[in-house]
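Subject: A structure to look through

Dear colleague,

I am passing on a structure for you to look through at your own pace. Please open it first, and then read the notes below beside it.

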Amino acid sequence: MVTLAEVAQHAGVSASTVSYVLSGKRTISAVTKQRVERSIQELGYHPNAGARALASSRSNIIALMMPLRTDMYVPVMMEIAIAVATHAREHGFDVLMLTGEEGPAAVQRVVGSGLADAIILMDVELDDARLPLLRASGRPAVLIGLPAEPGGLTCVDLDFAEAGALCATHLAELGHRDIVVIGEAPAVYERKTGFAERTIEGLRGRAQELGLRVLHRPCEGSYAAVAGALGQVFTERPGVTGFVVQNEQALEPLLSLLRQDRRAIPEDISVVAVCPEQVALQGSIRLTSVTIPAREMARQAVERLVAKIAGESQGEVFLLEPELVARASSGPAPAGG
């Protein structure tokens with residue numbers, strides 16, 4: 001490991017000068033600063049994180065609380081996490097991932113240990129038990145998600161209520177009057193996870209305005225679970241002509257089962273998904289979809305967190321505007337449907 005003293009010797013300056021260049025606590029001439037920075041780069045010097053934290057009361061670490069649950073679509077979560085880490089690094093921060101389902105205990109551990117300068121929370125519930133501790137801590141934080149009461153918090157999310165409304169509007173404009181929502185796993189709604197609750201709320205509100213009938217079926221993503229849900233749907237609503245799917249794992253089983261039942265897409269049944277763009281494009285049919293902009297949500301969250309760390313930002317709610325892209329899976333409702 002290269003030491004600070006070795007950098008100083010290589011640059012021909014004192015160790016304290018190297019320290020001031022690293023910390024920015026004193027003004028150093030441009031020529032000297034460039035010489036020190038060149039030596040740091042050539043020698044591959046990395047400041048000791050512990051010593052740096054003691055000296056500056058900063059760790060330059062962001063804690064990313066991202067519970068990995070079996071009922072969530074992990075690829076989307078990981079896409080957000082990777083984007084958070086990438087953008088954080090651009091601002092000189094490293095990311096510590098906390099993937100356990102610890103709830104408030106994880107917040108308490110991060111805040112009490114001083115391990116991280118700031119926190120990003122994911123998988124936000126409407127009545128999230130982590131939020132009282134987060135508010136009380138005064139630690140800079142950003143939520144990727146929207147709780148029921150966001151007052152004083154900085155939140156970044158897709159406007160999922162509007163996303164659901166867009167799905168209902170699209171199917172209504174195509175003449176569909178009886179639609180089914182294949183939702184996330186039941187446990188996601190039992191936890192009152194914000195994105196899922198807001199999507200169905202927005203869809204139902206727009207459907208009521210437009211005179212649509214809506215049947216909501218939470219569903220595990222397995223083939224057997226989707227088959228069971230689909231059988232119940234056609235028993236209860238034999239005239240259904242439109243599906244909205246907010247469950248990435250259920251999409252391919254649903255499309256396969258509809259084909260087996262000799263229901264053509266989109267001639268007999270239209271399917272609209274709320275999912276990442278790559279999921280909409282990589283399946284057996286190009287899906288009409290509202291895209292989940294995972295990378296942009298991550299970028300916005302990091303930018304707002306860095307501003308909060310610098311004391312330049314207060315609590316705010318920033319919702320990304322959803323966009324529905326019509327593709328091959330949606331079309332006019334069948335005559336008499």
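**Cavities, a sheet and a pocket**

By class, the lining of the second largest cavity is made up of five nonpolar and four polar residues, with no charged residues among them. Please keep in mind throughout that this is a predicted model.

The residues in question are Val-181, Gly-183, Tyr-189, Thr-199, Ile-200, Leu-203, His-216, Val-244 and Gln-246, and the space that they line has a volume of about 40 Å³. Two elements, β6 (178-183) and α10, each give two or more residues to this lining, and the largest share, three residues, comes from α10.

How many cavities of 30 Å³ or more are there by the rule used here? The count comes to two, and the largest cavity has a volume of about 320 Å³. It is lined by 22 residues, of which Met-72, Val-76, Met-77, Phe-160 and Phe-195 are the closest to its centre. In terms of class, 14 residues of this lining are nonpolar, four are polar and four are charged. Helix α10 (194-210) appears here as well, since both it and α5 (74-90) supply at least two residues of the lining of the largest cavity, although the largest share, three residues, comes from α5. As general background, rolling a probe the size of a water molecule over the atoms shows where empty space is left.

The next thing to find is the sheet, which is open, has six strands in the order β2-β1-β3-β4-β5-β11, and shows parallel pairing. Why is one side of β2 and of β11 left without a neighbour in the sheet? These strands, β2 (94-98) and β11 (317-320), stand at the edges and have a single partner strand each, so one side of each has no neighbouring strand there. On average, and with direction ignored, neighbouring strands of this sheet are turned by 20° against each other.

You can follow the pairing from strand to strand, starting with β3 (residues 118-121) and β4 (residues 141-144), which run parallel and are joined by three bridges. Leu-121 has Leu-143 in β4 as its bridge partner, and Leu-143 in turn has Cys-155 in β5 as a bridge partner, where β4 and β5 pair in the parallel sense over two bridges. From there, Cys-155 has Val-317 in β11 as its bridge partner, and four bridges join β5 to β11, which also run parallel.

Are the residues on the two faces of β5 buried or exposed? Cys-155 and Asp-157 on one side, and Val-156 and Leu-158 on the other, are all buried, and both faces of the strand are thus covered. Across β1 (61-65), β3, β4, β5 (155-158) and β11 lies helix α14 (residues 294-309), which runs at about 165° to β4.

Finally, there is the second largest pocket, in which about 200 Å³ of space lies. Its lining consists of 13 residues, and those nearest its centre are Arg-139, Pro-140, Ala-141, Gly-152 and Lys-308. The elements that give two or more residues to this lining are α7 (131-137) and β4, and by class the lining has five nonpolar, five polar and three charged residues.

With best wishes,
A colleague

Conventions. Residues numbered from 1 in each chain as written. Predicted model: local features only at pLDDT ≥ 70, side-chain atom pairs only at ≥ 80, totals over all residues. Heavy atoms only, no water. Pairing = 2+ DSSP bridges. Axes fitted to C-alpha atoms, helices over the stretch in contact; angles between N-to-C directions. Contact = heavy atoms within 4.5 Å. 1 Å grid on protein atoms, 1.4 Å probe; cavity = no way out; pocket = protein on both sides within 12 Å on 5 of 7 lines; lining within 4 Å. Points joined across faces, edges and corners; volume = space filled by probe spheres on them. Nonpolar A, V, L, I, M, F, W, Y, C, P; charged D, E, K, R; others polar. Buried < 20%, exposed > 50% of the residue type's maximum accessible area, 1.4 Å probe, protein only.
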